[in-house]
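Open the structure in your viewer, keep the selection box at hand, and follow the stops below in order.

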Amino acid sequence: MRRFLRSAMIVFSWFVVPYSRYTNIKVLRRKLPPIRSHLLEIPAVDLAKLIRTRKIKSEEVVEAYIERCRQVNPLINAIVQDRFEEALEEAREIDNVIAMGINSVESMEEHTPLLGIPVTVKESIAVKGMTNQAGRVFKTPQIAKSDAPVVEQIKRCGGIIMLVSNTPELCLLWETYNNVTGQTKNPYDLKRTPGGSSGGEAALLASGASLLGLTSDIGGSSRLPAMFSGIWGHKPTPYAVSFRGHHPTSDFPKWGDFFTIAPMTRYAKDLPLLLKCMSDPTGPKLTLDKAISCHGIRFFFMDNDGPSGMMRPLSRDLHAAINRVATDFNAKRVNIRKMKWSLDISLSAMLTMKNIETIYHKTEEGEQPKTVCKETVKYFFGCSDSILPSVIFGHLQNFMKIIPNSRHKHLASIIEALKTEFKEMLGNDGVFLYPTFPNTAHQHYQIYHKLLEPMYMAIFNTLGLPVTNCMIGLDRRNLPMGIQVVANPGQDHLCLAVAREMERRYGGWVRPPSEDSHSSSSSGSGSGSGSSKQRG
């Protein structure tokens, strides 16, 4: 089976690569408009303080982000629906309340730490009054009747929701396109993907059109877009953030073990703030306010997956960058042999979950349920409303049913053994450095011959470990490189502390190439030595 899958990816490449190059002929080699407003380059932590202390107005900030969205969205196509007028009105109300001096600065910082800060949300997460169909084609638009719990919390903390952003249909692909909104493009190169399924959020954040984003993650859906777009994405400890109010969903008892709503930010220093505001009051308590020095953290790393022989090795630039990071942090190289089973155990765990929302389950009122065979025929004749991953997901679920239960039990035992190994190795003061993906952002649709590589990320959903994608510089093509920082459950603060240190060392987010830039985005190379030359 393993050889078959690897061979299948090679065969797919014969068709996918030419198709990708053909479709990219239509994509113009344009660059984004330059970032003009200084307000767009202030981290949320600092921006919130400036708003609370009346140094700037929330309305000015929201206006700047709305203008930036209007500048870049015609190029990156990341916005599904906006609520700009409502956001401006909310910002004015906040400014009036602050001007009246009803609450002290200290009280606002404690109870409404996001007061006046614009926030963007993945369209699969419910925002009352906004479209919420996760890229599915419906005859009647599906509008959220209430906010997801995490959106309610962001609003209570003072955040202003600006828009909902693009996602692949039902979040079932590591690329962002669907038959409703179309294809989202990478700000660093419009011919390349920002990844998926949270590609809309990542593209907006990297473009300077958003500052804080709500995303989701079940197999790297937050981390891959963060890597491809040069920003920061964190998958929290299971159940630390409520997963309610999201499409797709499931009533499978262990759904929350694998799936979570997740924070994504342009600046690493904003991750603790956003995660704290998102955290479920009834979930595991995270010590996000705990001051941590990286000198007290033990570091371990691997730069391959075993190796299993299933996944591609790292590109030369990424290999050099990850090893440099390991050297910089004095990380100990380890060989966790069971990691070579990442693909097997992740597919077994995720595809055997029951009652996951797919195109074959939830339908519009009066519509007949879709069948796997009929929808497959319709797709290949160009008559289906769905994209390929949504169609074949039913086949994958059916395939898992014919695998002997003894095999699934064996793979489940490997999962438990790996959990124990990580628990013993990392304790409450250790982190594990691991590749996010073996290459930087590729051209559109090329994920179809790289469908095994996301297991670099999905393994940590399977194990239930918190993990952060960190930006570590640009490669020789001036595309962002990333690395995962993994900790034991409940130790999210270790991941976030390391993320802040990596931002300090390697420069963090770099402005994408713009129309008036006469040089490349930055001097990043395969060394992993991120630069901030184009930062404000």
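How many bridges pair strand β2 with β3, and in which sense do the two strands run, parallel or antiparallel? Before you select them, note that this is a predicted model, in which local features need pLDDT of at least 70 and side-chain atom pairs count only at pLDDT 80 or more, while totals for chains, interfaces and linings use all residues. Residues are numbered from 1 along each chain as its sequence is written, and side-chain values use heavy atoms, with hydrogens and water left out.

**Stop one: strand β3 and its partners**

Select residues 118-122, which form strand β2, together with β3 (160-165): these strands pair in the parallel sense over five bridges. Helices (H or I, at least four residues) and strands (E, at least two) are DSSP runs, numbered from the N terminus, and two strands pair if DSSP finds at least two bridges between them. To see one bridge of this pair, display V119, whose partner in β3 is I161. Now add helix α6 (residues 149-156), which makes a right-handed β-α-β unit with β2 and β3; right-handed here means that, with the strands pointing away from the viewer, the path from the first strand over the helix to the second runs clockwise.

Next add strand β1 (residues 79-82), which runs antiparallel to β3 and is joined to it by three bridges. Here D82 is the residue to display, with L163 as its bridge partner in β3.

Why is β3 described as largely enclosed by the rest of the structure? Six of the six residues of β3 are buried, where buried means under 20% relative accessible area, exposed over 50%, and partly exposed in between (1.4 Å probe, protein chains only).

**Stop two: the loops around these strands**

Go to A134, in the loop between β2 and α6. Its phi is near 50 degrees, a positive value in a residue other than glycine, and A134 is buried, with a relative accessible area of 0%. Most residues other than glycine have a negative phi, and most peptide bonds are trans.

Then select T176, in the loop between β3 and β4 (177-178), which is buried at 0% relative accessibility. A polar atom of the T176 side chain lies 3.1 Å from the backbone nitrogen of G199.

**Stop three: two cis peptide bonds**

Display G196 and S197, which are joined by a cis peptide bond with omega of about 10 degrees; S197 is in the loop between β5 (182-183) and α7 (199-207). Another cis bond leads from H247 to P248, with omega near 0 degrees, and P248 is found in the loop between β7 (232-235) and α9 (255-258).

**Stop four: a buried helix and a later loop**

Select helix α10 (residues 271-278), which is largely enclosed by the rest of the structure because seven of its eight residues are buried. Among the buried residues you can colour L271, P272 and M278.

Further along the chain, N478 lies in the loop between β12 (467-474) and β13 (480-486). The phi of N478 is near 60 degrees, again a positive value in a residue other than glycine, and at 15% relative accessibility N478 counts as buried.

**Last stop: helix α1**

Finish with F12, which lies in helix α1 (residues 2-24) and is partly exposed, with a relative accessible area of 39%.

Technical notes
Polar contact = N/O pair within 3.5 Å; in protein donor to acceptor, adjacent residues only side chain to side chain.
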